[in-house]
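Trainee: Please give me a close look at a single part of this model. Start with the confidence, then take me through the fold around it.

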Amino acid sequence: MNEPIVTASGISKRFKIYPSPRARLTEWLSLGALQRHQDYWALRDVSFDLARGECLGVIGSNGSGKSTLLKILTGSLFPTDGTFAVNGRLLSLLELGTGMNPELSGRDNVVNCSRLLDFPEGYAESKMEHIERFAELGDFFDRPVKLYSSGMHVRLAFSMWTCFEPEVLIVDEALSVGDVFFQQKCFRRARELLDAGVAMLFVSHDLGAVQSLCKRTLVLEKGICTHLGDVHAGIRLYYAHLGGTSAPEPVEQKKSVEPSPAPSLAPERTNENPERPTELAASGATLNGLMWTEPRRVETIGNLRVELLQIAFQADGVNSTASVAQGGQLGIYARWRANADAAHVNFGVAISDRTGRILFARGEINADIEPYDFRAGTEIITLFSICMDMDPGDYSIMLTAAEALADSSNPTGWNQNVGGERYSELPCAAAVTIQPRADGRKLFYGVACLSNSMERIESGTR
Amino acid sequence: MGIGQVRALLKYRGFVWRRALTDVRHRFAGTGAGVFWNVLQPLASILLYAVVFSQLMKSHLGQLKGPFGFTLYLCAGMLPWIAFSECMSRGTNALVANAQFLKKLAVPEYLFIAETAVSAGIGLAISFSLLLVFALATGTTPTLHWLALPVPLMCFIWLGYSISLLTGSLRVFFPDVGQLLPLVLQIAMWTAPIVYAPGAVPHALQLVARFHPIVPAVNAMHELFLFSTWPSSETWIAMLAWPSAMTLFSHAVLKKLRPEIRDAI
């Protein structure tokens, strides 16, 4: 094991709560003889260490002392007891977003922030090009920050954070802002930094994100560290702290769910093969009124022999924007054009969550659909129809067109592991939002509803 | 104590300087004249005093000849006083106003007070330059003594900074400090020989002036600028001793209160 970069031992923090300024004055003037405050212990005897390249998740309910701990590590609060050492440059994402002067341009604010964070003169300037490129703010980089949208704010802060080369990074819920693409970008960057040896302290209520980034976790409960170690055990313990409030306790579920599964779940539908209209005109009726939009072409790869022109959505058969209720059927229409002859085109779709994890991906050859020989200059529309029985939230959709390779050893006749040429791959072609069910029922917990059934078998009396 | 503070101020000087400049530049943001208000406001004050005291009220001070004698006397004390009181009132609020930084960053608290002091200092440099131009234009002959003027001018700002360290720290816990301050500043101004000559007031008030932190600097201004005399060594020492002592004392208090300031802000 390498030397820990952060060590904290026995950190305690007491806040003195005074009922009024006058009470404080009384106590001060009496030199402490008249006690007028109440002690509030936000942290008691918290110890941990953090190695390079490690991400430690800090979880706990509101008021459990997470923020206090972070502020102590940042140096903005002073511990009442205990010591800590940070052997490297510590940056905290919670400090970067604040302190921007709304009158100054993004560029000037970068310089100001670097001074505030005690970087030498010229450091920010040397990183400026990198920051500007990463922030993707265009002309706005040189406009006053007060004109920024909240998303632009975060973009700027995040770019500074990513370019200032921290050795220890404190991330406080910051990855849950912005759209799903931006969040995925944040998570990708966070993983890159971890790989590069940056140590990270990740504080979040989003347990999925904690699980995806951290191996170890520190669980705080009323200022006391109740767990330090394996992330899964920590999350179980965290749920136990939460008690019966909103915990996905399996026991409770068994009680509330009827023996037969709710009819609206309709798990079979997920296995339906995506159907494809063979010609534009053929299924013209169903295409009426689709709201075609440009796909998001950021980070597109491929030789563009096949190009994605437009996409459109249907939610439960109704033309819609990319939004569907949980458990609803999402129709993803994609209009493709061949810029050159493309052989054996296998169209595919993938859905990723906000941490960038692919939850589901499927190509036509997985559904036993013969690859398509695409003639130059022609167009085609593909339809992927997916039952979105997943946790409400934001997801991104990837659309691909790639060459399928013949493989006689595979029962389908096509190689299902290795593809040929990449014609077009749009990793974040669109964002889709899954809304909670309108009737307010929650039919499952977790990432997605797997095809399932539940029953009871009477086993007689004891 | 003091050494660490000076070192930190040097380390963060770029930040303090940039923020102060931004403050000066943007204080009048959105107004038509913009940055020029920094010049227009003191200029208007000087001209107003000149008209009032040379034409309407015809005030005179014994030794000072010419129609603008009293105007120059008044401005020599009043312009630094305005900078001082601005430094005080903004400096006292500086920690509370910058709570967003202090909540999240390890930066020393006094940076934000230093920032208001630098900003007030820039304002004073502008207004006093205008006064020099006015004095030359109305026929005052410059003397070697003028070269020493920056010392008392600096002392006004330094004193404002050092007292703000104390009041600013207390302001975090007791909002009443902010309400009390204008009153105290009023009393302080009228007990110092700014709008009147030192000898023109009752003996009791002259005694008060002996223990008044700003009086040595006011006297030095008058002597150097108007009377072409060198202040006594007593005046020099008092002028520098007040802000030095205040800095040490205020900094000790701030250091003691620091953890609680961070908790309370």
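Mentor: The mean pLDDT of chain A (the predictor's confidence in each residue, from 0 to 100) is 83. In that chain, 87% of the residues reach 70 or more. This is a predicted model, so local features need pLDDT of at least 70, side-chain atom pairs count only at 80 or more, and totals for chains, interfaces and linings use all residues. Residues are numbered from 1 along each chain as its sequence is written, chains are lettered from A and ligands numbered from 1 in the order written.

One stretch of chain A scores poorly: pLDDT stays under 50 over residues 244–285. The model has 37 contacts (C-beta atoms, placed from the backbone, within 7 Å) for that stretch beyond four places in sequence.

Now the hairpin. Strand β8 of chain A spans residues 216–221, and strand β9 of chain A spans residues 224–230. Strands are DSSP E runs of at least two residues, helices H or I runs of at least four, numbered from the N terminus. β8(A) and β9(A) pair (at least two DSSP bridges) in the antiparallel sense, over six bridges. One bridge joins A:T217 to A:G229 in β9(A). Two residues lie between the strands, and A:K222 takes a positive phi near 50° in this hairpin.

Chain B is built otherwise, with 11 helices and zero strands. Its C-alpha atoms fill a box of roughly 55 × 45 × 35 Å along the principal axes. Among the contacts of chain B with a separation of 6 or more, 75% link residues 24 or more positions apart. Of its 265 residues, 40% count as buried (20 or more other C-beta atoms, placed from the backbone, within 10 Å of their own; exposed is 12 or fewer, partly exposed in between).

Definitions and conventions:
Contact = placed C-beta atoms within 7 Å.
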